[in-house]
Amino acid sequence: MASSTGAPISAGAAAEEEEAVASAVTVTANPHADLGEIMPSLPTAPGFPPYRMRRYGGFWHIDMYLKFICASHACFRPRPTDVLLASFPKTGTTWLKALAFSALNRAAHPPSHAGADHPLHRNSPHDLVRFLELADQDGDGLIYEEVPSPRLLATHVPYSLLPHSITGTDDGSGGRIMYVCRDPKDTFVSFWHYHEKTTATLQQMADVGGASEAMPTFEEAFELFCEGQSAEGPQWRHTLEYWEASCRSPDKVLFLRYEDLLLDPPGSLRKIAAFMACPFSPEEEAAGVVRDIVELCSLGTLKGLEVNRRGSTMLGLKNDAFFRNGTVGDWSNCMTPAMAARLDGIVAEALEGSTLTFGASCKDSV
Ligand code: A3P
């Protein structure tokens with residue numbers, strides 16, 4: 001870890017920074033109100049992907065991303081009917097966006113229209129469900145207002161750093177959240193492959209948004225990931241916050257797992273639709289609507305679409321970078337057993353005393 005001057009940050013300094021944020025949480029109504037002001041003084045370090053990262057609230061953020069987070073705090077006004085799809089990068093965001101969009105809009109856009117008529121045939125899921133923190137780079141809030149209710153938005157922002165207007169209310173006015181998690185070993189490997197495909201675009205963004213860093217090797221990237229120095233990392237802390245929020249308020253936060261989605265896509269889709277207050281009727285079940293949405297949103301279907309093979313989406317990223325092989329356990333093809341044991345150990349230590357475990361839900365001790 002390094003400070004903004006490039007000097008190493010000690011664990012003590014990092015803890016002090018966390019404490020400062022924690023104490024701010026207890027004394028102000030909006031704990032992040034001064035984020036814009038303090039941003040330049042936050043500790044920085046190189047990370048993976050190779051941007052300059054800034055540490056805030058116990059997480060590492062791409063410098064440019066932190067500015068967007070700050071803007072969304074200033075201007076986002078939630079609606080009670082909002083559904084926010086939250087995730088750590090590379091844990092199933094694209095799939096969740098496709099499933100939630102298709103379920104919510106099935107009356108206007110029936111999934112059985114196999115022709116080029118469904119929005120997913122012409123748009124990346126990332127263009128149909130925009131990231132809260134990326135949507136409003138002008139900082140005027142208007143882009144959110146244009147989306148009709150019920151709005152579907154997405155975020156990679158940790159729970160504790162979401163706009164207070166979303167998390168700071170118990171009366172339902174802040175909308176609801178669906179979070180998808182994934183085993184960190186598969187997340188890292190997915191991140192690595194994604195990074196290989198998006199290097200050129202990411203490097204261009206780094207040039208625009210701050211100092212660009214040298215490309216890490218697989219082993220160096222793994223070390224940075226283990227240190228939590230990845231976008232919105234550490235992943236386990238990110239997931240733990242949403243897990244705890246879902247345990248506290250299951251009606252507000254639905255906790256999903258990539259591994260469960262793969263094991264039972266129809267069952268997971270029913271859960272997603274019910275949480276969005278649009279459960280499938282017996283007639284829809286009989287007509288095969290669930291099956292049609294699952295098929296439409298499957299990796300095979302989406303990956304094969306022209307728009308996802310050749311198009312690009314937010315920040316100029318190529319759509320095809322978001323679709324790879326979509327399996328559980330691919331980490332074993334890239335990591336040594338020692339690397340896997342090291343990451344598992346770090347995660348186990350970080351989650352000690354909590355009820356969260358990674359992997360399919362049958363392993364939960366809730
Ligand atoms: P792999 O790299 O392991 O294949 P995100 O959407 O959060 O960026 O996550 C990307 C991961 O989700 C990639 O995993 C990608 O292949 C997988 N994915 C994308 N769309 C999917 C879908 N429709 N069904 C299953 N997995 C999908």
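**The ligand pocket, the cavities and the backbone of a predicted model**

The largest pocket has a volume of about 790 Å³. This value, like the others below, comes from a predicted model. In total, 44 residues line the largest pocket. Five of them lie nearest its centre: Lys90, Thr93, Thr94, Tyr194 and Phe322. Sorted by class, the lining of the largest pocket holds 27 nonpolar residues, twelve polar residues and five charged residues.

Several helices take part in this lining. Helix H3 (63-75), H4, helix H10 (184-209), helix H13 (258-263) and H17 each contribute at least two residues to the lining of the largest pocket. H10 gives the most, with eight residues.

The ligand sits in this largest pocket. Two elements give two or more residues to the shell around the ligand, namely helix H4 (93-104) and helix H17 (299-304). Both H4 and H17 are also among the helices that supply the pocket lining. In the shell around the ligand, H4 gives the most, with three residues.

The ligand has 18 residues around it. Those that come nearest are Lys90, Thr93, Thr94, Ser190 and Gly326. Lys90, Thr93 and Thr94 also appear among the residues nearest the centre of the largest pocket. By class, the shell around the ligand is made up of seven nonpolar, eight polar and three charged residues.

Individual atom pairs add detail to this picture. Thr93 places a polar side-chain atom 2.6 Å from an oxygen atom of the ligand. For Arg182, a polar side-chain atom lies 2.8 Å from an oxygen atom of the ligand. Thr91 takes part through its backbone: an N or O atom there lies 3.1 Å from an oxygen atom of the ligand. On its own, the ligand has 560 Å² of accessible area, and the protein covers 97% of this area.

Enclosed space was examined as well. A search of the whole structure finds two cavities of 30 Å³ or more. The largest cavity contains about 60 Å³ of space. Its lining consists of Phe76, Pro78, Asp82, Val83, Leu84, Leu132, Leu153, Ile166, Gly174 and Arg176. Seven of these lining residues are nonpolar, one is polar and two are charged.

The backbone also deserves a look. Most peptide bonds are trans, and most residues other than glycine have a negative phi. The peptide bond between Phe48 and Pro49 is cis, with omega at about 5°. Pro49 belongs to the loop between strand S1 (44-46) and strand S2 (52-56). Another cis peptide bond runs from Ser149 to Pro150, where omega is near -10°. Pro150 is placed in the loop between helix H8 (142-145) and strand S5 (152-155).

Glu232 stands out by its phi angle. Glu232 is not a glycine, yet its phi is positive, at about 65°. The residue is part of the loop between helix H11 (218-226) and helix H12 (235-248). Pro49, Pro150 and Glu232 are thus each found in a loop.

Conventions: Residues are numbered from 1 along each chain as its sequence is written. This is a predicted model: local features need pLDDT of at least 70, side-chain atom pairs count only at pLDDT 80 or more; totals for chains, interfaces and linings use all residues. Side-chain values use heavy atoms; hydrogens and water are left out. A residue is near a molecule or strand if one of its heavy atoms lies within 4 Å of it. A polar contact is a pair of N or O atoms within 3.5 Å; within protein, one must be able to donate a hydrogen and the other to accept it, and residues adjacent in sequence count only if both atoms are side-chain atoms. Accessible areas come from the Shrake-Rupley method with a 1.4 Å probe; for residues, only the protein chains shown count as cover. On a 1 Å grid over the protein atoms alone, a cavity is a set of points where a 1.4 Å probe fits but cannot get out, and a pocket is an open set with protein on both sides within 12 Å along at least five of seven lines; lining residues have an atom within 4 Å of a point. A molecule sits in a cavity or pocket if more than half of its atoms lie within 2 Å of its grid points. Helices (H or I, at least four residues) and strands (E, at least two) are DSSP runs, numbered from the N terminus. Ala, Val, Leu, Ile, Met, Phe, Trp, Tyr, Cys and Pro count as nonpolar, Asp, Glu, Lys and Arg as charged, and the others, Gly among them, as polar. Grid points are joined across faces, edges and corners, and a volume is the space filled by probe spheres set on the points.
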